[in-house]
Structure formats: C-alpha cells, structure tokens
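Grab a pencil and open the viewer. Here are a few exercises on strand pairing and backbone geometry, each with a worked solution.

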Amino acid sequence: MAEIAAAAGIPEAALEPYGRHLGKIDVDQLPPGEPAGAVVLVTAVSPTPAGEGKSTVTVGLGDALAAAGHRTMIALREPSLGPVFGMKGGATGGGGAQLVPMDRINLHFTADFHAITSANNLLAAMVDNHLHHGNSLDIDPGSIGFKRVLDMNDRALRRIRLESGGGRETGFEITAASEVMAVLCLARDIPDLRARLGRITVGFTRSGSPVTADDLRAAGAMTMLLREAFKPNLVQTAAGTPAVVHGGPFANIAHGCNSAIATTTARRLADVVVTEAGFGADLGAEKFLDIKARVADCAPTAVVLVATVRALKMNAGRAKDELAQADPAAVQAGLPNLARHVANVRRYGYEPVVAVNRFGTDTDGELAVIERFCAENGVRCALTEVHSRGASGGAELARHVGELLGTRPSYRPIYPADAEVEEQLEAIVRTVYGGDGVELAPEARAQLERIRAHGWERLPVCIAKTQYSFSDDPKLLGAPSGFTVRVRELIPRTGAGFIVALTGTIMTMPGLPAAPAAEGMDVLDDGTTSGLS
C-alpha cells in the first residue's frame, strides 16, 4: 500500500494503512492543488440481471490508459453485501481487470458501510426515543419517513411495526439506499457533511413543520460515526493502477456514483480519472450528469458506453437461458436500445465510445452487427477483452478515449438547475427515457404540495426505477415508446439535496433471488474464499 500511495503522489502523512493492502487517504494532508484531472465516465446499455461487466471495463480501461502512459486513477463505488450475496456477486471487476484484494473489498472492506448503517440507525433510534420520552417536538408519528437500514437483501424487513409512536409502521431499507449514504457521497468536506446530516428530514410535526436531525440533536454524533468513513479508500488493480473505492449508492434506487470527495481527490492526484455510474445510461449516467457533475463540478471529458451481445439479445426479447446461443438477428433486433443510449449521451454534449465487452459465447457474426451499427452511425467503437487479456485487451478502447482527452465537449444537462420537480420529471422521461410523460399518483401529488410549501421544489430529482427498461415496467425492453411513467411517491432527501421519485414496483429493500450467490460461497481449508467474484 505504501508503494501504491507513493506512485500515486500521496505523501506518507496522508496515508492511513488498513493492513498491508488497504488504506485510507487523509485528504487534508495532501499537497495543495485544484482538481484538474479529466474524468472518463463509463456507463452501459440496459443490462441483463447479471450485469454487462461495466466495472471490469472500467478497471481494464484504467489499466490500459496507464499502460499507454497516462497518469491514471480509477474511482469506483464500494460493493454492497446485498448484491454480493444476491444475484450479481462482487463488484471489483474480474479476470485480468479487477481490484485487489478482491475478497476484502467485496466483504467488510474498511467498515464504511458499517459506519453509514450505524449513523443512520442512531438517528432512527433517537427519533423513536424522542417519541418515547414525551415527544416535545410534537412529531406526527405517521409522518416519519426515515427508516432503519441494513446492508443485506432481506425482503422480510420491508415492513415492520414498532412499539413507539402508538405502534407505528415502518420498515428497513438497504444501506445503499440510505440518505446517509447519499449525504456521505455528495458532501465536499467534514463541515459540509455535518451540515447535510443536520438537514435530514425525519418527519413532520402535527402542524406540518419539518423535523430534522439537527432538531433531534443527532447530527453531531452521526458525523462522529462517519468521520473515518468519509476518508476515501485506496486500493489497486491487479496491474498496479491506483484506485479509490468509496461510497456505494445503487443507481436504480439512489444516485449510483462513488463519492464526490473520492472523485475530487483522484482528480487532484491524476491526469485521468476513470469512473463509472451504475446500471444503464438512463439511470447512472443521467444521475451522474444531472446531479453529481453539478454538485462536485466533475463533468466528464469522455463517456464510454459498454454494450454486450447478450444485453442486446435480451433487449430484443430473448429469454435469459437463450442468451448464450448464437443469434446475430437478435443482436440486430436489440440495436434500438443501443441507439437510444447513444442518442442520450449525445444529448448531454458527448460523442460516446462504445466498448463492446466480449464474452466467451459471442460469435464474430454477432460482434460484427454492433461494429457495423457504430460505423454506419459515426460512433467510435472498440472491441474490449480486458477480462481475458487485461490491459492489452483494452488498448483500442484506451486509444479512442485518449484521443478524446484533448477535446472540450459541450456538457449540457437535460434540465436547467432551477427547474421545478415536475419540469425535471417531464424532461427526463420524455428526453432520456423516450416516454410520453409523467403521471403523479395521488400520494405523490400530495407530497409535491408539501415539497412546494417548504421550498424544496427546485431540488434535483433522483428517479428510482427498474434498470431493465427505459420505462417503469421491466417487461418493456428495447427502446419502448408511448408509455407514461407513474410516480407513486416523491420523497424529499433534504440532507442529500434531492427528491427521490419512486416509480413502478421498485423497492428500497431488495430481496434475494431463488438461488442466491451466497449458496455457492465458502471458505476453503487454507483460509481462502471460494465462489466470490
């Protein structure tokens, strides 16, 4: 770790080792300097349930850029135990393009998720303790929307009944969906972290006034719990490229980006920072470009769009058990999904590079379909084989990205910074999703009136939506049109500084699949892990 830190320009005083292979960066001990490194954003087409290898491409691209002579760092989210033990498995890349030590990063890492969970649940406990001891703030128990969290997929905890507040109903969310997670990932420094935590709205008084963490005098202790977790984590790739891995909000139920302080720190240390945004470009990239890039002043210089043969087959309607079968016609039929994602990236002012992430079952004929589409539409395209070949398998992708690093794209968010909630929703649904508009459920409409009454109506919108479709219906694959997105709730996250719009049947506490990935995991006699990837 000391060697990696030195190579990254991190002085000894700024490195806090967590064993031999993990570390935290004390940002206050870094040499002075403004964040000037160029940001390369990696996003993807609408994915299959297993994912399209976006993290693997991010790591491989970082290694390939470093091999080409660029001073590079990688910035990624921390894995959540929910998907690690659920459907997707680990989130550290794979094969010849992964972060190390993989097992420690995927599991407890440096205990950041524990700290976020503890800070969140401290506030929840103080809310119910306040009710128990007389409720001097006159909180309406039925208005309390702040929930406890756990870093695990556990559908049994979605709804629970508490003794406090007359037996009020509440539930758990997964830690990645916690507002405390979003706060940590968007805060600039410790004072900003403390201020944002204090602004978290837990509920309302019976007269309709918001009740915050500051009102409960909880924010100071929460900040204390998060003080160490707020420091970015330093690891490396298997090829030795430095990587900061920090924060982990999901993109389908949160804003899907690693922390702003991690990106800013990497930009201070490197000339090129390769980062990713979760799921497809309609989710992660939209939130990165409309929320994080504005908050953290980190608009990308280049955007990479990961596409796979199997994702396009799925978007053409092929079943999951058919995706390994050679079918160039299905790839052709799935191209409208890729085309819409390309068009959306262009709407933000970027010319994307399509990284065709090759899987072992892909045929030359199927890959040629994607390459031909890109050639006919003037899109840069690179066949990417970083999983099997490491940095050399990303050389073509790195060449395309390197050519874009000297350009100045005209970054254009989809909606103006002062747009109101409904205007933002309409812009995202019509422009990014390709839908006909938005319908607010009665509860969401009532919540919008409360949002307006408290002056929150110009906060950015973070849409919680299925990752499998541009619409709010996971069965509408490809590039659907003629649909309306129904928003069932509008939840103000006043600490994070955005409004969460819940759509469809999206859950903030996921469940495990019928055959969780955990069933194939174990510890071998020599102490090494098995089945974790």
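The exercises below use a predicted model, and each task is followed by its solution.

**Exercise 1.** Work out which strands pair with E13 (residues 233-237), and find a bridge partner in each pairing.

*Solution.*
- Step 1: Start with E2 (residues 23-25), which runs antiparallel to E13 and is joined to it by two bridges. Here Lys24 is partnered with Asn233 of E13.
- Step 2: Move on to E6 (residues 97-100), again antiparallel to E13, with two bridges. Look for Leu99 opposite Thr237.
- Step 3: Finish with E14 (residues 242-245), antiparallel to E13 and joined by four bridges. Val235 has Ala243 of E14 as its bridge partner.
- Step 4: Now check the turn. Four residues lie between the strands of the E13 and E14 hairpin, and Gly240 there has a positive phi near 95°.

**Exercise 2.** Is E13 enclosed or open to the outside?

*Solution.*
- Step 1: Buried means under 20% relative accessible area.
- Step 2: Five of the five residues of E13 are buried, so the rest of the structure largely encloses this strand.

**Exercise 3.** Hunt for unusual backbone geometry in the loops, starting just after E6.

*Solution.*
- Step 1: Pro101 sits in the loop between E6 and helix H4 (102-106). The peptide bond joining Val100 and Pro101 is cis, with omega about 0°.
- Step 2: Ala111, between H4 and helix H5 (112-132), has a positive phi near 70° despite not being glycine. Ala111 is partly exposed at 34% relative accessible area.
- Step 3: Asp297 lies in the loop between helix H11 (281-296) and strand E16 (302-307). Its phi is positive too, near 50°, and Asp297 is exposed at 63%.

Methods
Residues numbered from 1 in each chain as written. Predicted model: local features only at pLDDT ≥ 70, side-chain atom pairs only at ≥ 80, totals over all residues. Heavy atoms only, no water. Buried < 20%, exposed > 50% of the residue type's maximum accessible area, 1.4 Å probe, protein only. Pairing = 2+ DSSP bridges.
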